[in-house]
Amino acid sequence: MTQPMSRLDGLVPEELKPRTRRVALHGLSVPVDIGFHDFELGNPQRLLVDIEVWLDEAHFAATDEVADAWNYDALRNIVLETLEDRRFNLQETVVREVYQRVAAPKGVIRLRVGSRIRLCVVSRGCYHASRVERIPPQR
């Protein structure tokens, strides 16, 4: 068993103490049946999903124990379960649905969910992206 991180209490000056706590999952590659052009229908495309979750202090790991940590597999599973056996026309719909599920757990105070897809035929190799974000008002 590891020592709680509180053993460092008092060593960090007040002005350098964390004001935000964030966990992130970047570049999760998922095959998705997405798009509304004829050539896209029924042809899954590789969607890259990014999630950044800001947590309040009470829900951020205070120790080095697995039970205390945010579960990255749970984030991955939310994405996979949301997209599994579904068809989408728009990235915006994908992002909105993933966002709603990730925002539900206690402790989430800010959230950013985005996606990217490379549309070679339509965009000459560019990535198209969509992002939904909730930033709380400044106090």
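Helix H1 takes up residues 72-83, and its length works out nicely: at 1.5 Å a residue its 12 residues should span 16 Å, and the end C-alpha atoms of this predicted model sit 17 Å apart, which agrees. The buried positions of H1 are Leu75, Ile78, Val79, Thr82 and Leu83. Looking down the axis of H1, these buried residues fall within an arc of 115°, so they line one face of the helix. That pattern fits the usual geometry. An α-helix has 3.6 residues a turn, so residues three or four places apart point the same way. As for what covers the buried residues of H1, the list includes E1, E2, E3 and H2.

Just past H1 comes a backbone oddity. Aspartate 85 follows H1 and belongs to the loop between H1 and E3. Its phi is positive, at about 55°, although aspartate 85 is not a glycine. Most residues other than glycine have a negative phi. Is aspartate 85 buried or exposed? With a relative accessibility of 80%, aspartate 85 counts as exposed, because the cut-off for that label is over 50%.

Helix H2 (residues 91-102) gets the same length check. Its 12 residues should span 16 Å at 1.5 Å a residue, and the end C-alpha atoms are 16 Å apart, in agreement. Buried in H2 are Gln91, Val94, Val95, Val98, Tyr99 and Val102. Viewed down the axis of H2, they fall within an arc of 125°, so here too the buried residues line one face of the helix. Glutamine 91, found in helix H2, is one of that buried set, with a relative accessibility of 9%. The C-alpha atoms of glutamine 91 and arginine 116 are 8.1 Å apart in space, although the two residues are 25 residues apart in sequence.

On the strand side, E1 (residues 21-34) and E2 (residues 45-55) run antiparallel and are joined by 10 bridges. Within this pairing, serine 29 of the one strand stands opposite leucine 48 in E2. E1 also pairs with strand E3 (residues 87-88), this time in the parallel sense and over two bridges. Arginine 87 in E3 is the bridge partner of aspartate 33. E1 thus has both an antiparallel partner, E2, and a parallel one, E3.

Which residues does glutamate 52 contact beyond its neighbours within four places in sequence? Glutamate 52 has its place in strand E2, and its contacts are Arg22, Val23, Ala24, His26, Arg110, Leu111 and Arg112. Despite being a glutamate, this residue is buried, with a relative accessible area of 8%; the label applies because buried means under 20%.

Histidine 59 is located in the loop between E2 and H1. With a relative accessible area of 35%, histidine 59 is partly exposed. Not counting residues up to four places away in sequence, histidine 59 touches Trp70, Lys106 and Gly107. One of these contacts reaches far along the chain: histidine 59 and lysine 106 are 47 residues apart in sequence, yet 7.7 Å apart in space, C-alpha to C-alpha.

Zooming out, the chain holds three helices and five strands, arranged along the sequence as β-β-α-β-α-β-α-β. Of its 139 residues, 31% count as buried. The chain exposes about 9600 Å², of which carbon and sulfur atoms supply 52%. Among contacts with a separation of 6 or more, 63% come from residues 24 or more positions apart.

How far should the coordinates be trusted? The chain averages a pLDDT of 80, and 78% of the residues score at least 70. Confidence is highest in E3, at 92, and lowest in helix H3 (residues 120-123), where the mean is 52. Where pLDDT is low, the predicted coordinates should not be read in detail.

Conventions
Residues are numbered from 1 along each chain as its sequence is written. This is a predicted model: local features need pLDDT of at least 70, side-chain atom pairs count only at pLDDT 80 or more; totals for chains, interfaces and linings use all residues. Side-chain values use heavy atoms; hydrogens and water are left out. Helices (H or I, at least four residues) and strands (E, at least two) are DSSP runs, numbered from the N terminus. The expected span of a helix is 1.5 Å times one less than its number of residues. Buried means under 20% relative accessible area, exposed over 50%, partly exposed in between (1.4 Å probe, protein chains only). The arc is that of the directions from the helix axis to the C-beta atoms. Two strands pair if DSSP finds at least two bridges between them. pLDDT is the predictor's confidence in each residue, from 0 to 100. Contact means heavy atoms within 4.5 Å. Accessible areas come from the Shrake-Rupley method with a 1.4 Å probe; for residues, only the protein chains shown count as cover.
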